[in-house]
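Let's take a walk through this model together, beginning with how far the predictor trusts its parts and then turning to some backbone details.

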Amino acid sequence: MPRVRTRTILVTAAVAALSTTASAPVPKNLPRGVSQVLYELAVPAGSEPTPEKVALGEKLFNDKRISVNDKVSCATCHDPAKGFVDHKPLAEGVAAPAKRTQRNSPTVLNAMFNAVQFWDGRAPSLEEQAKLPILNPIEMGQKSSDDVVNKLRGIAEYRTAFQQVFGHELTYDDVAGAIAAFERTQYAGDAPFDRFVAGDEKAIDDSARRGWGLFNGKGRCNNCHAFSTVSPLFSDQKFHNIGIAAHKTDFIGLARKATAIVRGGDLKQIDELAIQTDLSELGRFLVTKSSNDIGAFKTPGLRNIAITSPYMHDGSFATLWDVMDHYNKGGVPNPNLDGGMQRLGLTEAEIDDMVSFMASLTSAKFAAFGKQEMVATGKKGDLGDLAPTPDAAKPAAFGVLVRKGTSYD
C-alpha cells in the first residue's frame, strides 16, 4: 500500500502492460469509472465483442455441458449474480468435495483490463485463461481440447451457432474466443466513488471520504492500488508477496521442489501445479522461476471488492476488516516479504473508514447486494495496531533467506 503515483506513470504502465498493434472500436457511453484509454489498449482489433459472439460466449459461460460430467460451468465459480465469484474460500470443480482447488475464484468483472490472467499471471490473455479450467482435471475435467470440440460438435445448437458466428465448424480456439468476448463486456464502473470524483460530494458519506484520505495517506494503499481517471482499476498490475502464504508455508523447501519439476512455458503443467498442489503457495514463482517472485500474487483491483469475499489468493480472509488487519500488522514476516509491507498504526475507527471507502467502489447494479454482503460479513474481533510475534519454529518467520550457494532463479 504505497506512495501516490503520477498520471504519467500510470498511463505509461498501462500502455506497457496492455499495448497492442491495433484496437477495437470503443463502445459508446462507457460508464463512469471505465477508462476509454484502457479499453482501447485492452481489446485488440479482431477480438471485439460483437453481439453474436457475446451471446454465444454467454451461453458457453453458463453451460455445464462444457465440463466432463455436465455439472460445472464457468458460472459455477464465477456467478454473474454474485459479482462473478462463488463466495467460497477455494473454488470447487468436478472433483469436489474429494478434491478442492488451491485458489480462490477471482472476479470476471474488469478482468478484460488485466495485463495477465489468474492470481499468478500464468495466462497472457482472456482467451488462454478460458481454455485452462476446462482442461484442468479437478475444475472441469476434460482430458483434451479435442474432447471438448467433439462434445460440443455433437450438440446441434452449437454446431449451428459456431457456423453462424465464425463461419466454420467450431474449434477450441473459437470456444475460448467466444467466452472471452462475453467477458469483455463485463466492465464495471458507475460506483458512488465515481460520482464523487465527478464532483458530487454527497455521493459518498463522511466515513468513506475519511477512508479515501487514509487510503492515499497513512494507509499507503495507493502504492499498489493507485487510482486515476485514466487508470481507474485500483491495481498496479504487479505481483507482491504480502505474507499470506507465509502463514503456512516453508517457501525455501517448496521453491527447491518446484525448481526441479516445473517445465518452462508449459502452461498446462503450471496450471495443474497451481490449482492442485501445495506448490500453489509459490505464486508467481511457478511462472517465472525467479526467487524474487516466491509467494508473490497479483494485486487485485478493488472495484466491487465489497461483493467478492472471501479475500486473497487462498480465500483466507472472510471480511475487508480482516484484510485491513493483515496490512495494519505489516503482514507475516518471510524471506520474500514485499518491502512496502510495514506496520501502519491504523486505529479501529480508521480501519472502519477505509472499509467504508472500499464499499463505495461497488457498481450501481450491485448496490443492494453490496449492502447485503457488508451486513452478512460484518466486523469480527478487535482490530488496531497489534503486531504479530514471529514464531522462531517456523522457517517463514525469518526475514533472511540463506541460500547456501543455491539459486532459485
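**Confidence and backbone geometry**

Residues 1-21 keep a pLDDT under 50 throughout, and the model gives them 45 contacts beyond four places in sequence. Another such stretch is residues 395-409, where pLDDT also stays under 50 and the contacts beyond four places in sequence number 33. Keep in mind that this is a predicted model. For the protein as a whole, the average pLDDT is 88, and 87% of the residues score at least 70.

Now let's turn to the loop between helix H4 (74-77) and helix H5 (126-135), which is where you will find Pro-97. The peptide bond joining Ala-96 to Pro-97 is cis, with omega about 5 degrees. The loop between H4 and H5 also holds His-87. His-87 is not a glycine, yet its phi is positive, at about 60 degrees. Is His-87 buried or exposed? His-87 falls in between: its relative accessible area is 23%, so it counts as partly exposed.

Next, move along to the loop between strand E2 (297-298) and helix H14 (320-328), where Pro-310 sits. Here a cis peptide bond links Ser-309 with Pro-310, and omega is about -5 degrees. Met-312 belongs to the loop between E2 and H14 as well. Its phi is positive, near 80 degrees, in a residue other than glycine. How does Met-312 fare for accessibility, buried or exposed? Met-312 has 13% relative accessibility, and because buried means under 20% relative accessible area, Met-312 counts as buried.

Note on methods
Residues are numbered from 1 along each chain as its sequence is written. This is a predicted model: local features need pLDDT of at least 70, side-chain atom pairs count only at pLDDT 80 or more; totals for chains, interfaces and linings use all residues. Side-chain values use heavy atoms; hydrogens and water are left out. pLDDT is the predictor's confidence in each residue, from 0 to 100. Contact means heavy atoms within 4.5 Å. Helices (H or I, at least four residues) and strands (E, at least two) are DSSP runs, numbered from the N terminus. Buried means under 20% relative accessible area, exposed over 50%, partly exposed in between (1.4 Å probe, protein chains only).
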